[in-house]
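Open the model in your viewer and keep the sequence panel beside it. The stops below say what to select and what is there.

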Amino acid sequence: MNTETLVKQLCDINAPVGNENLAAEKIKSFFGPLCDKAYIDRFFNVIGYKKGTSSDPRKIIITAHYDQIGMIVSGYEKGGFLRISNLGGVDTKALLASEVIVHGREEVYGVIGAKPPHLLKESEITKNVKIDELFIDTGFPDDVLKQKVSIGDPVSIFSPVISMKNGCVAGKSLDNRAGVAALVLILKELQNVKHPHDIYVVATVQEETDLLGALTSSYALEPDLAVVIDVCHGDMPEADRAQCFPLNKGIPVAIGPAFHSEYTNALFEVAKKERIATQRCIEPGNPGTEAWAIQVSRLGVPTVEASIPLRYMHTAAELVSLQDIENAAVLVARYVSGDIFKTTEETD
């Protein structure tokens, strides 16, 4: 399976925040053939384990979240309409007129209703609509709709990933199924490689709310080192260059107080040795990723982060370069397969 097919299959899976049970078994099926053991914990984190060759191995975890932003049904309106609330950081501007799937007793397709510009009042023209002002139009009669959909059912955006020029793809859920694709590619890279330490790839849940999957999995596994893979903001016209990174120009590596400086320096050294281009991503505080939770798990975990530039985050048209996903995977695989602990301890 090539990277493009892998990404499309991962993004086709619907698992809005808090409903990762809908996707866990499928994610596990990608890990299982490539590692010694794959399992799902009680929180629906999906974990793939590869045993190291050392007689006294340490533990390395590599995380990428697989939950996605979405919505939840919050009420009914007459005429086959549903009221909604958000699951994660939904951008309401990008929701208007979107096609959606309500995951009820059966899948129900609908559209997010939006007033046409002809009917907007002057006060509404520049107003940013709120989530509780939106509704889903299903087209069903009220009595039929209530048999198919319950309050509390999750809702996902319908926007299949499409292929674009120059090795890019665009669609929903690339934040952070692109990272999960990198986890699968890392396992492939490690298949015929002897690595001294035990390696765990962890597809985590509920990152889009409070980093909860990262909290529980890092606490349970007690790693000696963590590598976080997530997306960062890709470049686009008029965007702040300090916060956005060009596609296909190198893997952004995070630098800041959440990231262990020695292990980060070692990551840069591996990239240099392997001739993998990198970019320096400055994170002066909370990076907004799982690193923030993992670094303080138990008594603390040395943490590094490799990112995949992504344009139009938290929309149905997120865009990434397949080459960036592959390069991130190769970089992290090379990093964790060496005796990284010996390298860093020798520099202390």
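Select domain 1 and domain 2 in two colours: together they bury about 840 Å², 64% of it on carbon and sulfur atoms. Buried area here is the accessible area (1.4 Å probe) that two parts lose on being put together, summed over both. On the domain 1 side, pick Asn14, Pro16 and His314, which supply 42% of the area that domain 1 buries against domain 2, more than any other three residues.

This is a predicted model, in which local features need pLDDT of at least 70 and side-chain atom pairs count only at pLDDT 80 or more, while totals for chains, interfaces and linings use all residues. Residues are numbered from 1 along each chain as its sequence is written, and side-chain values use heavy atoms, with hydrogens and water left out.

To make the two selections, use 3-68 + 172-347 for domain 1 and 71-157 for domain 2; such bounds come from an automatic or database domain assignment. Taken over C-alpha atoms, the domain centres are 33 Å apart.

Now show the contacts between the domains (heavy atoms within 4.5 Å). Eleven residues of domain 1 touch eleven residues of domain 2. What classes of residue does the side of domain 1 that touches domain 2 have? That side has three nonpolar, six polar and two charged residues. In this count, Ala, Val, Leu, Ile, Met, Phe, Trp, Tyr, Cys and Pro are nonpolar, Asp, Glu, Lys and Arg are charged, and the others, Gly among them, are polar.

Two residue pairs, both at pLDDT 80 or more, are in polar contact between the domains. A polar contact is a pair of N or O atoms within 3.5 Å; within protein, one must be able to donate a hydrogen and the other to accept it, and residues adjacent in sequence count only if both atoms are side-chain atoms. Zero salt bridges cross this interface, a salt bridge being a side-chain nitrogen of Lys or Arg within 4 Å of a carboxyl oxygen of Asp or Glu.

Next, select strands β4 (residues 70-77) and β5 (residues 81-87), which pair in the antiparallel sense over seven bridges. Strands (E, at least two residues) and helices (H or I, at least four) are DSSP runs, numbered from the N terminus, and two strands pair if DSSP finds at least two bridges between them. Tyr76 has Leu82 of β5 as its bridge partner. Three residues lie between the strands of this hairpin, where Gly79 takes a positive phi near 100°. β4 also pairs with β9 (residues 154-157), antiparallel, over two bridges; there Met71 is the bridge partner of Val155.

Stay with Tyr76 and add Ser150, which sits in the loop between α5 (142-148) and β9. How far apart in space are Ser150 and Tyr76? Their C-alpha atoms are 9.1 Å apart, although the residues are 74 apart in sequence. Leaving aside neighbours within four places in sequence, Ser150 is in contact with Val73, Tyr76 and Arg105. Its side chain makes a polar contact with that of Arg105 (3.1 Å).

Move to the open antiparallel sheet of three strands, in the order β10-β11-β17. β10 (162-163) and β17 (318-321) stand at the edges with a single partner strand each, so one side of each has no neighbour in the sheet.

Last, select Arg298 and Glu222, whose side chains meet in a salt bridge (3.9 Å, N to O). Arg298 lies in the loop between α10 (291-294) and β16 (303-310) and Glu222 in the loop between α8 (212-221) and β13 (225-233), so the pair ties together parts 76 residues apart in sequence.
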